[in-house]
Amino acid sequence: MRYRPMPPTVFAAARKRLCKSLPPGSLVILHANDVYPTNADGTLGFVQSSDLYYLSGVDQEETILMLFPDAPDPSMREMIFLRETSEMIAVWEGERLTKDQASAASGVAAGSIHWLDQFDRFFRMAMCQARQVFLNTNESLRATVEVETRERRFITRCQQEFPLHRYERLAPLLHELRIIKAPAEVTALKEAIAVTESAFRRILGFVKPGVMEYEVEAEMIHEFIRQGAQGHAFSPIVGSGKNACVLHYITNNARCNDGDLLLLDFGAKLGNYHADLTRTIPVNGRYTPRQRDVYNAVLRTHKHARKLLKPGVQIRAYQEEVGAFVEEELIKLKLLNRSDVKTARDRDPSRPAYKKYFMHGTSHHLGLDVHDVGNMWQKLSPGMVLTVEPGIYIREEGIGVRIENDVVITARGNTDLMPTMPIEVEEIEELMAGGSGSGKVKKKAGAKGG
């Protein structure tokens, strides 16, 4: 394991909060994600189910978590089932968790850790005693799930073997819990951010006219792996020139030319928690006057958006306020005029004029997933972590600028989780010229995760 795991008390507390929200006689069953095949005998790298990890701290395939808080037998109230390790597995694939190790990671008693071949017996015992069964699915509003997951196969099995049981959705309960980050989770995010900052500062000293976008991406992953991160939090966007205007550009195969801007949207994954940073820098180290004006317009929007984020705010209403602010910036940049704004509102209020140059949302939740649980209709509460990422994209000029930091909502507003990340035009130019910049780099995180 590259990262230092969080204390088992964090996962035990999450299970306790979930169990308190369940009606009497409830049974909860969660599965690890599949290892997905590619071609021949190849597979993709394993990525754990965020929900299973959140409740157990177990980062291993073929794992099942069963929670039965009202079980008459105390040893059945929390159970983990693992793939049994062996000498052959150790030789061919590497060590897997022992029962004692799984207990130490999760906080589940060692006597309640079992191999997978015992699951069917305990599963039937629990099902015959439970009043209702909570099963999990991916209920992200943005998800398109076309493959049959391990969770979906298990739902089918349950419904076939126990057709008269009452089945309930676990996702809404977990979303309510996961959206509020525990202090240890915020620490894990800060450590992922610290690695991301080191990578960004490395890039500022590397970028120059003629480098390829994929070479910049290589600098990112070099720093991530060097510091013990698991890798990219998501497919990075390294878009120069007109590519910066493609919102989900991930090809990263063009040359960075003198006079162009380079948009970088990336982050480290460390301890299963994700950083998410966007900066837009000049390839030759100096912004042109027009680029500087657009960058500063986005930066003012970013700072304004941060002032709006506080408890009680609804993201959808917040987005409308940010849109109104960026509209004024677009007028100053002579990209819109007031008649454009009025005409667009009269024609279709859902398509304001600013959307021609700012098409996406300003914020999304962040945590165990880059687009973490939460939606635009929820009101913000302390402990939520969000991105702040306005942008302006002028395709006809080949200028795309986005600026993104991660913040945690507090009782009085929000706290920037990236306070030393270079963000001002002057600081970026100074660092690209070989200076020290005005910000202070954080102490390197090393191989830590929360």
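How far is the sulfur of cysteine 19 from the closest cysteine sulfur, and in which residue does that sulfur lie? Select cysteine 19 and cysteine 158 in the viewer: the two sulfur atoms are 18 Å apart, and cysteine 158 holds the closest cysteine sulfur to that of cysteine 19, too far for a bond. The model under inspection is predicted, and this tour moves from its cysteines to the whole chain, then to its aromatic rings and several individual residues.

**Cysteines**

Keep cysteine 158 selected and add cysteine 128. Cysteine 128 carries the closest cysteine sulfur to that of cysteine 158, at a distance of 12 Å, which is again too far for a bond. A disulfide requires the two sulfur atoms to lie within 2.5 Å, and the count of disulfides comes to 0. Cysteine 158 itself has a relative accessible area of 0% and is therefore buried.

**The whole chain**

Next, clear the selection and display the chain as a cartoon. Its secondary structure comprises 13 helices and 17 strands. The C-alpha trace spans about 70 × 55 × 45 Å along its principal axes. For 450 residues, a compact globule would have a radius of gyration near 22 Å, and the 24 Å of this chain agrees with that expectation.

Switch to a surface representation. The accessible surface amounts to about 20500 Å², and carbon and sulfur atoms account for 52% of that area. Of the 450 residues, 52% are buried. Contacts across the sequence are also worth displaying: of those between residues at least 6 apart in sequence, 71% join residues at least 24 apart.

**Aromatic pairs**

Now show the aromatic side chains. A pair of aromatic rings is described by the distance of the centres and the angle of the planes. The chain has 10 aromatic pairs. Select phenylalanine 11 and tyrosine 53, which form an edge-to-face pair with 5.4 Å between the ring centres and 75° between the planes. This pair links distant parts of the chain, since phenylalanine 11 belongs to helix H1 (residues 8–20) and tyrosine 53 to helix H2 (residues 50–56), 42 residues apart. Phenylalanine 11 counts as buried because its relative accessibility is 2%; tyrosine 53, at 3%, also counts as buried.

Proceed to phenylalanine 224 and phenylalanine 266. Their rings are stacked, 6.3 Å centre to centre, with 25° between the planes. Phenylalanine 224 lies in helix H9 (residues 213–226) and phenylalanine 266 in strand S9 (residues 261–266), so the pair ties together parts that are 42 residues apart in sequence. Both phenylalanine 224 and phenylalanine 266 are buried.

**From the stacked pair to threonine 196**

With those two rings still displayed, add threonine 196, which is located in helix H8 (residues 183–204). Beyond its neighbours within four places in sequence, threonine 196 is in contact with both Phe224 and Phe266, as well as with Gly267, Ala268, Ala275 and Leu277. Threonine 196 is buried, at a relative accessible area of 0%.

**An aromatic cluster and a charge**

Select Phe81, Phe119, Phe122, Phe123, Phe154 and Phe162 together; these residues form one aromatic cluster. Then add arginine 121. Its charged end sits over the ring of phenylalanine 122, 4.3 Å from the ring centre.

**Lysine 181**

Is lysine 181 buried or exposed? Lysine 181 is buried, with a relative accessible area of 7%. To find this residue, follow the loop between helix H7 (171–178) and H8. Not counting residues up to four places away in sequence, lysine 181 touches Val186, Leu366, Gly367, Asp372, Gly383 and Val385. For a distance across the model, draw a line from its C-alpha to that of glutamate 320: the two residues are 26 Å apart in space and 139 residues apart in sequence.

**Two residues with positive phi**

The final stops concern backbone geometry. Select alanine 40, in the loop between strand S1 (26–31) and H2. Although alanine 40 is not a glycine, its phi is positive, near 50°. With a relative accessible area of 87%, alanine 40 is exposed.

Finish at glutamate 62, in the loop between H2 and strand S2 (64–67). Here phi is about 55°, a positive value in a residue that is not a glycine. Glutamate 62 counts as partly exposed, at 29% relative accessibility.

How values were computed:
Residues are numbered from 1 along each chain as its sequence is written. This is a predicted model: local features need pLDDT of at least 70, side-chain atom pairs count only at pLDDT 80 or more; totals for chains, interfaces and linings use all residues. Side-chain values use heavy atoms; hydrogens and water are left out. Rings of Phe, Tyr and Trp (its six-membered ring) pair if their centres lie within 6.5 Å; planes under 30 degrees apart count as stacked, over 60 as edge-to-face and the rest as tilted. Helices (H or I, at least four residues) and strands (E, at least two) are DSSP runs, numbered from the N terminus. Buried means under 20% relative accessible area, exposed over 50%, partly exposed in between (1.4 Å probe, protein chains only). A charge sits over a ring if NZ of Lys or CZ of Arg is within 6 Å of the ring centre and within 35 degrees of the ring normal. The radius of gyration is taken over C-alpha atoms; the globule rule is 2.2 Å times the number of residues to the power 0.38. Contact means heavy atoms within 4.5 Å. Accessible areas come from the Shrake-Rupley method with a 1.4 Å probe; for residues, only the protein chains shown count as cover.
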